[in-house]
Amino acid sequence: MRKSIKNVALCMAAALFLTACGNSQEAATTAEANSTDAAKIESVQSDGAEESAEDSGNMLIAYFTAAENSVVDAVSSASVVTIDGEAKGCVQAVAEMIQETAGGELFSIQTSVEYPGDIGELIDYAAIEQDENERPELTTHIENLEDYDVIFVGYPNWWYDMPMVMYSFFEEYDFSGKTIIPFNVHNGSRFSSTISTIQELEPEAMVIEDGFTVSINNVTAAEESVKEWVDALNY
Ligand SMILES: Cc1cc2nc3c(=O)[nH]c(=O)nc-3n(C[C@H](O)[C@H](O)[C@H](O)COP(=O)(O)O)c2cc1C
């Protein structure tokens, strides 16, 4: 039953997702997207470890985006948005908007799984991953978690839930005593019930229910609403 619902939704999601958060003109070439990714990974690995709590304002902005976890020659067909001439995943774009207002350090959640760049294949792959309750292996790790009191956590809505790699992420870390602020990008389902799921996974953390959610169609224009949301959080 669940499978047949998924199959119907798969067609709908594939059709919708093809419009994605950037159109084909906006999509980066594969080479451009990958050099962006490489720079981001490098900065995450070095800056994340070295930045002091004082410098980073005690805030970490952790996010998962398909574009930084897809096979090399298919990134341009995945969900990519171009902002100020730079191609990036939708969730990454929102993460950077948050950083512009709140400060803090960016952390890209990455996995050894190379997700299909083809959207139809990705949707199918993610359905199986969720059905089998998998825990994709993380390849980036927060080395200095003790430095952060406030952790923004961003992810796409995949199949009315978080991608399974987010379960790997929350199972790797104990965020007890910390504040988790969720944000996500979706194509109609907003957060689904992911915020309460995060609270279940991190029972001793304070999970802010007033997370930021934006449709893939509105990511490029989200800067002002991100700023208003961050300002209202008052961190
Ligand atoms: C495997 C998969 C499943 C998806 N399932 C949903 C869904 O259930 N509800 C929804 O609103 N959007 C869904 N989408 C659309 C994504 O939420 C959207 O493409 C994503 O937020 C883009 O973020 P990213 O470019 O940073 O990966 C799905 C997309 C993919 C690839």
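What covers the buried residues of helix 8? Helix 4 and strand 8 are among the elements that do. Keep in mind that this is a predicted model.

Let me stay with helix 8. Its buried residues are Val226, Trp229 and Val230. Viewed down the helix axis, they fall within an arc of 95°, so they line one face of helix 8. The other side carries exposed residues: Glu224, Glu228, Asp231 and Ala232. After the helix comes Asn234. The phi of Asn234 is positive, near 70°.

Now the core. The largest nonpolar core has 54 residues. Ile61, Ala62, Val94, Ile98, Ile151, Phe152 and Val219 have the most contacts inside it. Several elements each put in at least two residues, including strand 1 (59–63), strand 5 (150–156), helix 6 (164–172) and helix 8 (223–233). Helix 4 gives the most to this core, with 8 residues.

Take Ile61 as an example. Leaving aside residues up to four places away in sequence, Ile61 touches Ala95, Ile98, Gln99, Gly104, Glu105, Leu106, Phe107 and Phe152.

On to the ligand. There are 24 residues around it. Ser79, Ala126, Pro156, Val185 and Ser189 come nearest. How does the shell split by class? It has 16 nonpolar residues, 8 polar ones and no charged ones.

Which elements supply at least two residues each to this shell? Helix 1 (2–17), helix 4 (90–102), helix 5 (119–131) and strand 6 (179–186). Helix 5 gives the most, with 3 residues.

One last link. Helix 4 supplies at least two residues of the ligand shell, and helix 4 also helps cover the buried residues of helix 8.

Notes
Residues numbered from 1 in each chain as written. Predicted model: local features only at pLDDT ≥ 70, side-chain atom pairs only at ≥ 80, totals over all residues. Near = placed C-beta within 6 Å. Helix = DSSP H or I, 4+ residues; strand = E, 2+ residues; numbered from the N terminus. Nonpolar A, V, L, I, M, F, W, Y, C, P; charged D, E, K, R; others polar. Core = buried A, V, L, I, M, F, W, Y, C linked by C-beta atoms within 7 Å. Buried ≥ 20, exposed ≤ 12 C-beta atoms within 10 Å, placed from the backbone. Contact = placed C-beta atoms within 7 Å. Arc of directions from axis to C-beta.
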